[in-house]
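This report goes through a structure by way of one serine position, the sheet with its helices, and the cysteines. The sequence and the coordinates are shown first.

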Amino acid sequence: MSVAARHGLISGRVQGVYYRESTRQEAQRLGVTGWVRNLKDGGVECHLEGSFEALARMERWLWQGPAAARVTGVELEEVACAGFTDFQVRRTDA
């Protein structure tokens, strides 16, 4: 299985709508590792690692998010793998 990594920024109504926890649950379901956190600007940031297929599915999910979310943008860029073994919800960027 090929492993790839993506760093992402998600914009829209993505805070206060269960977006981070839902992202963690979906990542675990798909076998994606990494992390997700809120940003001070109201967006969400993530680091995703997994198979190309899992990352493609995760990207589609990021555009949808949980029911209360209203996603207006998802920007993902390829980055180096960091070797995460699980998926974590991190605290807001300080």
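## A serine ahead of a helix

In this predicted model, a polar atom of the Ser-51 side chain lies 3.0 Å from the backbone nitrogen of Ala-54. Ser-51 itself is found in the loop between β3 (44-50) and α2 (52-64), and with a relative accessible area of 16% it is buried, because the cut-off for that class is under 20%. Thr-72 is 21 residues away from Ser-51 in sequence, and the two C-alpha atoms are 25 Å apart in space.

## The sheet and its helices

Five strands form an open sheet in the order β4-β1-β3-β2-β5, and their pairing is mixed. The edges are taken by β4 (70-79) and β5 (87-89), each of which has a single partner strand, so that one side of each is left without a neighbour in the sheet. From one strand to the next, the twist averages 15°.

Within the sheet, β2 (residues 33-38) and β3 run antiparallel and are joined by six bridges, with Thr-33 standing opposite Glu-49 in β3. Helix α1 (residues 19-30) lies across β1 (4-13), β2, β3, β4 and β5, and runs at about 175° to β5. Helix α2 also packs on the sheet, where it touches β1, β3 and β4, and its direction makes about 155° with that of β4.

## The cysteines

The count of disulfides is zero. Cys-46 is in none, the nearest cysteine sulfur being that of Cys-81, 14 Å away; this is too far for a bond, because a disulfide requires sulfur atoms within 2.5 Å. Cys-46 is buried, at 0% relative accessibility, whereas Cys-81 is partly exposed, at 43%.

Technical notes: Residues numbered from 1 in each chain as written. Predicted model: local features only at pLDDT ≥ 70, side-chain atom pairs only at ≥ 80, totals over all residues. Heavy atoms only, no water. Helix = DSSP H or I, 4+ residues; strand = E, 2+ residues; numbered from the N terminus. Buried < 20%, exposed > 50% of the residue type's maximum accessible area, 1.4 Å probe, protein only. Polar contact = N/O pair within 3.5 Å; in protein donor to acceptor, adjacent residues only side chain to side chain. Pairing = 2+ DSSP bridges. Axes fitted to C-alpha atoms, helices over the stretch in contact; angles between N-to-C directions. Contact = heavy atoms within 4.5 Å.
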